[in-house]
Amino acid sequence: MDTLHELSELFRTFPGVGPRQAKRFVHHLLLRGDDAEQLSALSLRLRKNVTRCESCRRFFGKEGAFKKCRVCRDESRDKGTLLVVARDIDLEAVEKSGSFRGYYFVLGGTIPILDAEPEKRVALKELLARVEKSAADGLKEIVLALSANPEGEHTAETIAHALASIAKKHNIKLSVLGRGLSTGTELEYCDAETLKSALKNRT
Ligand SMILES: [Zn+2]
């Protein structure tokens with residue numbers, strides 16, 4: 001495979017990028033050498049300067065020796081509620097809406113319907129460990145905040161099923177976002193008001 005083809009195949013693995021767009025990216029880089037250099041330099045720096053929060057699992061820019069992100073380090077937040085989201089971008093949307101004061105857990109993706117190995121798609125084991133740890137810290141409720149589409153709903157059901165026994169053991173309530181989200185809504189595109197009402201009306 002030549003480099004042109006190889007790079008275009010790499011771009012194709014990016015979310016939402018099809019074969020034609022992948023080729024356009026490669027041509028853009030061929031025409032703009034400075035962008036190509038910046039892209040490779042930034043990609044390398046990304047691996048070096050960004051780390052995963054050991055508590056919520058989102059990525060954050062390294063700040064000294066901190067192993068937890070800013071949100072997870074904030075002791076003034078409500079230890080009683082844990083909001084489970086699919087991606088970093090969902091956490092950021094909820095955080096930006098200012099409607100939630102508890103802590104988060106990022107699954108790292110969603111589970112496709114009929115998928116045989118959900119634990120390879122999302123951080124299920126890590127979530128169970130987190131809940132076990134947080135139970136000792138006063139966790140009272142886990143809110144499943146997944147997108148209102150079939151894959152999001154399937155993910156919420158799978159997670160709820162996996163959490164059922166640990167939740168029962170520690171007397172933790174499991175809830176899902178309320179009806180404020182219309183069907184098909186991706187969490188990351190929700191406005192602050194919709195998120196606020198979905199959180200308030202969780203069931
Ligand atoms: Zn965190």
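1. Let's start with the two domains. Their centres, taken over C-alpha atoms, are separated by 33 Å in this predicted model. The domain assignment puts domain 1 at residues 3-48 and domain 2 at residues 76-200.

2. Next, helix α3, which covers residues 33-49. Its 17 residues should span 24 Å at 1.5 Å a residue, and the end C-alpha atoms are indeed 24 Å apart, so the expected and modelled lengths agree. How many of the 17 residues of α3 are buried? The count is zero, so to speak of α3 as hardly covered is fair, given that being buried takes 20 or more other C-beta atoms within 10 Å.

3. Now strand β3, residues 81-85. This strand is mostly covered, with five of its five residues buried. Thr 81, Leu 83 and Val 85 point one way, while Leu 82 and Val 84 point the other way. Why the switching? In a regular strand, side chains alternate between the two faces of the sheet. Back in β3, the residues pointing either way are all buried.

4. Which strands pair with β3? One is β5 (residues 141-144), in the parallel sense over four bridges. Another is β4 (residues 103-106), also parallel and again over four bridges.

5. A few residue pairs are handy if you want to trace this on screen. Thr 81 stands opposite Glu 141 in β5. Val 84 is a good one to click on: it stands opposite Leu 144 in β5, and it also stands opposite Phe 105 in β4.

6. Moving on from β5, this strand also pairs with β6 (residues 173-176), in the parallel sense and over four bridges. Here Leu 144 turns up again, with Val 176 as its bridge partner in β6. So you can walk by eye from Phe 105 to Val 84, from Val 84 to Leu 144, and from Leu 144 to Val 176.

7. Last, the connections. What hand does the unit made by β3, α5 and β4 have, right or left? That β-α-β unit is right-handed, with helix α5 taking up residues 88-97. A second right-handed β-α-β unit is made by β5, helix α8 (residues 150-170) and β6.

Conventions
Residues numbered from 1 in each chain as written. Predicted model: local features only at pLDDT ≥ 70, side-chain atom pairs only at ≥ 80, totals over all residues. Helix = DSSP H or I, 4+ residues; strand = E, 2+ residues; numbered from the N terminus. Expected span 1.5 Å × (residues − 1). Buried ≥ 20, exposed ≤ 12 C-beta atoms within 10 Å, placed from the backbone. Domains from an automatic or database assignment. Pairing = 2+ DSSP bridges. Right-handed = clockwise from strand over helix to strand, strands pointing away.
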